[in-house]
Amino acid sequence: MDQKNTPDRSINPNLNKLQRKVHFDIDSLWAGIQKGDVVQLSKAITLIESTHAKHQELSRQLLERCMPLTGNSIRIGITGTPGVGKSTFIEAYGSQLIEAGEKIAVLTIDPSSQISKGSILGDKTRMEKLAGHPMAFIRPSPAGDSLGGVARKTRETIMLCEAAGYSRILIETVGVGQSEIAVHSMVDVFCLLLLPGGGDELQGIKRGIMEMADIVLVNKADEDRIKMAQATKRDYANALHLLPPKSNGWTVQVMTVSGLQGIGIQAFESQIQAYIEQVKGNDSFHKKRAEQASYWLEESLQQQVLNTFLEHPEVASLYPKLKEQVVRNQISPFTASDELIQRFKKK
Ligand code: GDP
């Protein structure tokens, strides 16, 4: 596994120092973002990814300025197991969107950086065609110690990209469970890529992920796989009929595509547009965004409350000792947490 993408502080203890040394000027970042300047946009994302307290304050100020310019894109989530063809598909779809006049940003949530301290998605050069295009902006997964932290940074990056004028934001994740839930909580439409043949178990797809999908794409439907892809499409369409209908009234679509040969990409875009039209028409588009915003408020509060709590001096000194006792089965986890809360409340 490639470890160079992983700003693990134990590997690079100077990272905080390095981050502190970078100078961020909010006014030029803001001016740059409004002009769609990618250098300033990248720098702004580096600012929001920084863990340094001063930088976090600056990010808040920058995000506040960006707020009125956010919300105008269509946010599309794309997930699927490694090798299913996500980056190839995104290249094909992204290129088509650019031809249609859209400005696209591709962001990634890579859960492997937390699990293995390496990167599945970052190991190879991906999306070379889009990477060099002036109408595309590609940003790999932010690093972080927890999926919650990474997801929050990605959500903030969406805001920056929208303020910089990107009209479509594609958020890609590799499917291992939790990261799809994070992506689902920040997109308008969620797409699952599958391979021809094999049931979900063979393809490593959890039922919960199937239930989150708005559009299912059987990819690599080309060459000698076309028939098998059509059979897979029928199987999934039948299986999806058994799920309860979506509250937004949308009927999940199953389609065959080939990212490599560019087959079905236009039809996919038509489905995206049909979906957006339908959910905007019955107001579930805005309802979903409002629910997502309140979910992120809660997430953010939970994280900040926990951080404030753990930074409390008495809690910070007692916590490792109590944790040790919990691990040794000397006290229960509940007694330990009660005791920590009592300490916190006292002072
Ligand atoms: P990812 O890991 O999901 O991003 O998958 P990639 O896009 O990197 O593709 C994995 C492999 O599948 C590569 O060798 C691609 O050339 C191949 N591939 C991707 N899309 C297609 C497709 O539509 N048809 C065929 N035949 N091969 C594909």
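## Strands 6 and 7

Strand 6, residues 215-218, is joined to strand 7 by 4 bridges, and the two run parallel. One pairing can be named: Leu217 has Met255 of strand 7 as its bridge partner. The model behind these values is predicted.

## The whole sheet

This pair belongs to an open sheet of 7 strands. The order is 3-2-4-1-5-6-7, and the pairing is parallel.

Which strands stand at the edges? They are strand 3 (136-139) and strand 7 (253-256). Each has a single partner strand, so one side of each is left without a neighbour in the sheet. On average, neighbouring strands are turned by 20° against each other, direction ignored.

## A helix across the strands

Helix 5 spans residues 86-99. This helix lies across strand 1 (74-80), strand 2 (104-109), strand 3, strand 4 (168-174), strand 5 (189-194) and strand 6. Against strand 4, helix 5 runs at about 175°.

## Around the ligand

The ligand has 17 residues around it. By class, this shell holds 3 nonpolar, 8 polar and 6 charged residues. Which residues come nearest? Lys86, Thr88, Arg126, Asp222 and Arg225 do.

## Polar contacts and burial

Three of these contacts deserve a closer look. Lys86 uses its backbone: an N or O atom there lies 2.8 Å from an oxygen atom of the ligand. Asp222 uses its side chain, with a polar atom 2.6 Å from a ligand nitrogen. Arg225 also acts through its side chain, where an N or O atom is 2.7 Å from a nitrogen atom of the ligand.

How much of the ligand does the protein bury? Taken alone, the ligand exposes 580 Å², and the protein buries 76% of that.

Methods: Residues numbered from 1 in each chain as written. Predicted model: local features only at pLDDT ≥ 70, side-chain atom pairs only at ≥ 80, totals over all residues. Heavy atoms only, no water. Pairing = 2+ DSSP bridges. Axes fitted to C-alpha atoms, helices over the stretch in contact; angles between N-to-C directions. Contact = heavy atoms within 4.5 Å. Near = heavy atom within 4 Å. Polar contact = N/O pair within 3.5 Å; in protein donor to acceptor, adjacent residues only side chain to side chain. Areas by Shrake-Rupley, 256 points an atom, 1.4 Å probe, with all protein chains shown as cover. Nonpolar A, V, L, I, M, F, W, Y, C, P; charged D, E, K, R; others polar.
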